[in-house]
Amino acid sequence: MTVQTILTAPNPLLKRSAKQVVDVHLVQDLIADMLETLYDTPHGVGLAAMQIGRLESVIVIDISPNRDAPLVLINPELILGEGQVTSEEGCLSLPNFNAYAKRYAEVEVMGLDVRGQPLHFEAAGFLAIVLQHEMDHLRGVILSDHAEPLVPLHIGQSASKLS
Ligand code: ZN
């Protein structure tokens with residue numbers, strides 16, 4: 001496992017789209033590096049592969065207080081979004097930059113876990129926001145691009161703003 005350098009904007013790699021992972025065995029070292037790199041940052045809660053210069057569709061997230069509960073998602077897909085929140089976010093690829101982004105309040109996500117087993121779950125609150133932020137990276141969207149209006153994937157009830 002190696003702590004990798006986190007790419008910062010305007011590195012063109014951050015604008016690329018990720019490629020689907022076909023064999024999860026081939027991304028195990030990448031995942032280990034991503035987690036090590038995430039935990040090496042003081043406050044990072046998520047990382048997408050392209051932030052360390054790789055184009056595989058992999059994100060890692062850990063929002064636990066002790067940073068000991070990693071969520072690894074391979075080929076994640078947002079299949080449903082409901083409600084809206086405006087969240088203030090930072091990004092490891094945009095040092096010293098915070099922005100407000102409109103996000104779905106609740107999401108439904110599918111993907112593969114670190115062993116290649118299918119995952120399908122719903123998330124709300126901070127986890128939902130982090131998932132959307134990291135999945136944005138996989139399609140070349142970074143926080144500073146977030147000027148576009150959010151179109152609900154599903155007509156849901158509006159959610160209250162996050163504090
Ligand atoms: Zn980011």
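Reader: Which residue in β3 is the bridge partner of Val-58?

Author: This is a predicted model. In it, strand β2 covers residues 58-61 and strand β3 covers residues 71-82, and 4 bridges join them in an antiparallel arrangement. Within this pairing, the partner of Val-58 in β3 is Ile-74.

Reader: What is the order of the strands in the open sheet?

Author: The protein has 2 helices and 7 strands, and 5 strands form this open sheet with antiparallel pairing. At its edges lie β1 (46-48) and β7 (118-124), each of which pairs on one side only. On average, neighbouring strands are turned by 40° against each other, direction ignored. The order is β1-β2-β3-β6-β7.

Reader: What angle does the direction of helix α2 make with that of β2?

Author: Both helices pack on the sheet. Helix α1 (residues 28-40) touches β1, β2 and β3, and its direction makes about 35° with that of β2. Helix α2 touches β1, β2, β3, β6 (106-112) and β7, and the angle between its direction and that of β2 is about 150°.

Reader: How far apart are the end C-alpha atoms of helix α2, and what span should its 14 residues have?

Author: Helix α2 runs over residues 125-138. At 1.5 Å a residue, its 14 residues should span 20 Å. This agrees with the model, because the end C-alpha atoms are 21 Å apart.

Reader: Why is α2 described as largely enclosed by the rest of the structure?

Author: A residue counts as buried when its relative accessible area is under 20%. The buried residues of α2 include Ala-128, Ile-129, Val-130 and Leu-131. The helix is largely enclosed because, of its 14 residues, the number buried is 11.

Reader: Which residues are the protein donors of the zinc ion?

Author: The donor residues are spaced C-x41-H-x3-H in sequence. The two histidines both lie in helix α2, 4 residues apart, about one turn of the helix, and both are buried. The donor atoms, one SG and two NE2, lie 2.0 to 2.2 Å from the zinc ion, and they belong to Cys-91, His-133 and His-137.

Reader: What percentage of the contacts between residues at least 6 apart in sequence join residues at least 24 apart?

Author: From the N terminus on, the elements run α-β-β-β-β-β-β-β-α. Helix α2 touches strands including β1 and β2. Among contacts between residues at least 6 apart in sequence, the share joining residues at least 24 apart is 67%.

How values were computed:
Residues are numbered from 1 along each chain as its sequence is written. This is a predicted model: local features need pLDDT of at least 70, side-chain atom pairs count only at pLDDT 80 or more; totals for chains, interfaces and linings use all residues. Side-chain values use heavy atoms; hydrogens and water are left out. Contact means heavy atoms within 4.5 Å. The expected span of a helix is 1.5 Å times one less than its number of residues. Buried means under 20% relative accessible area, exposed over 50%, partly exposed in between (1.4 Å probe, protein chains only). Donors are N, O and S atoms within 2.8 Å of the metal (3.2 Å for Na, K and Ca); water is not among the atoms, so sites may look incomplete. Two strands pair if DSSP finds at least two bridges between them. Axes are lines fitted to C-alpha atoms, for helices over the stretch in contact, and angles run from 0 to 180 degrees between N-to-C directions.
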